[in-house]
Amino acid sequence: MKCWAIAEKSTHWIKYPRQGRFAERIMIRRCALFVAVLAVIVGLYLMPSPIDPEPFIFEGPPPALEGPLKVNNRLQQGRRLFSGQLKGPESFTADEEGNVYTGTVDGKLWRIHQDQLHFITQMGQNIPECGTSTDYEPVCGRPHGLRLDSEGQLIVADSYLGLFRVNPQSGEKTLLLSSKEGADGIPFGFLNGLEISGNGTVFFTDSSSRWGRRHVRYEVIETNHLGRLLTYDPETGLVKTLLDSLYMPNGIAFSPEEDFLLMAETSIGRILRYWLKGPKAGTKEVLLNNMPGYPDNIRASDRGTFLVGITTIRFPGRLLPPFLDLIGPYPVIKRFMTKVVPLSWYSVLLPRYGLVLELGPNGEVLDSLHDPNGSLTWAVSDVFQHGGRVYLGNTELPFLPVLEEAR
Ligand SMILES: *[C@@H]1O[C@H](CO)[C@@H](O)[C@H](O)[C@H]1NC(C)=O
Ligand SMILES: *[C@@H]1O[C@H](CO)[C@@H](O)[C@H](O)[C@H]1NC(C)=O
């Protein structure tokens, strides 16, 4: 009411500015501020949120850092290779000649031989913009899981484009299954982990049918369970869904006997076991819950255990409790936050802490490697043992960290 009166008066004051008394001018300013704040609140309320979140509550606070989780600096004992040359080597595989293969965030596939880097191919279009901004990822491609098949050909899950077969020498590539085609009428949104079974069947995960890799933060905040575990038969070209409604399924690893596989559900910090053989074949169970961080890839180690790269830790920093634990239960807050905070800002909130877990076949934590200040690496995506070394993957960092193993 008062605001209207002032507005009327103000037209008078604009004509005769000297008549406006000081106090009334302040009132006008307050009114203007009030109207502006109101407009912003209404605007934010009406503005659609980019995400459609669900509540998620962890079973409890993250486990204490004691016993096998005790803080150490064993992950700091390595060195960085290819600084500035290799950006975000996400996953690895190797052949019998000792070549190591990896794919980077600019959509390129590489072979590493005796610490020399060789370009194999570009998964999508090779344009100069590749690697400069996540906007170009759907065009340039983004290789994630990769393995060699029995004929020595690379099978690559490109996050955006689909499953490919790539000749590791010539770089010639064949699209086996496009993401547009997907499975059961649902396109793939975010291809991620990949393993090839002894009989040639390709097991792979689609982390989300809604959000692509460059929107992974939305995927995690939303906790939407739109992921799938699938198989592709290269003989018949048939694709099959083994599990759906998964929470951002990511890395997968077969047990040494291939009687089960482990699968990370990244967005809720959980590891599942899916049985392939025996009386429980085709069923899943939760193996490890309420983890100390968000798991990425899982690899079988050379001693019958599993190595898990932790992409972000969950335990408290010095100042704040873990951010996603705090907002997890409140869709309203998640919706509001994603309206006002640009996507690129979330990485600032992430702690620079490197963590690798070693698990037994029943999900028991046996050991852990820590880099508490990220002096070697953080955001670990893959932990690949090969030729007396451990190669540590990540999604964005511009180097390849390796640990030399004591022999
Ligand atoms: C191939 O192996 C996988 C994993 O052990 C199994 O689930 C699948 O049924 C096998 N496929 C055939 C055709 O035998
Ligand atoms: C990280 O911690 C190590 C000790 O474990 C120390 O030597 C190093 O200087 C620290 N680096 C940074 C960047 O703080």
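## Ligand surroundings

In this predicted model, the shell around ligand 1 comprises, by class, one nonpolar, three polar and one charged residues. The residues that make up these surroundings are S197, N199, T201, E258 and L276. Given that Leu is counted as nonpolar and Glu as charged, L276 supplies the nonpolar member and E258 the charged member of this shell.

Ligand 2, by contrast, has a shell with four polar residues and with no nonpolar and no charged ones. N73, Q76, N373 and S375 are the residues that surround ligand 2.

## The open sheet of strands 2 to 5

Four strands, taken in the order 2-3-4-5, form an open sheet whose pairing is antiparallel. Its edges are strand 2, covering 92–94, and strand 5, covering 116–122, each of which pairs on one side only. Averaged over the sheet, and with direction ignored, neighbouring strands are turned by 25° against each other.

At one edge of this sheet, strand 2 is joined to strand 3, residues 100–103, over three bridges in the antiparallel sense. Within this part of the sheet, T93 has Y101 of strand 3 standing opposite to it.

## Strands 22, 23 and 24

Further along the chain, strand 22 (residues 383–386) and strand 23 (residues 389–392) run antiparallel and are joined by four bridges. The two strands form a hairpin with two residues between them, and in the turn G387 adopts a positive phi of about 55°. F384 has Y391 as its bridge partner in strand 23.

Strand 23 also pairs with strand 24 (residues 400–404), again in an antiparallel arrangement, here through three bridges. On this side, Y391 stands opposite V402 of strand 24, so that, by the definition under which two strands pair if at least two bridges are found between them, strand 23 is paired with both strand 22 and strand 24. Y391 therefore has a partner in each of these pairings under the bridge assignment, namely F384 and V402.

## The largest nonpolar core

In soluble globular proteins, nonpolar side chains tend to be buried together. The largest nonpolar core of this model has 84 residues, and the members that touch the most others are V156, F204, L262, M263, V308 and V356.

For F204, one of these members, the contacts can be listed in detail once its neighbours within four places in sequence are left aside: F204 is then in contact with G145, A157, L163, L191, G193, L194, L230 and Y232.

Definitions and conventions. Residues numbered from 1 in each chain as written. Chains lettered and ligands numbered in written order. Predicted model: local features only at pLDDT ≥ 70, side-chain atom pairs only at ≥ 80, totals over all residues. Axes fitted to C-alpha atoms, helices over the stretch in contact; angles between N-to-C directions. Near = placed C-beta within 6 Å. Core = buried A, V, L, I, M, F, W, Y, C linked by C-beta atoms within 7 Å. Buried ≥ 20, exposed ≤ 12 C-beta atoms within 10 Å, placed from the backbone. Contact = placed C-beta atoms within 7 Å.
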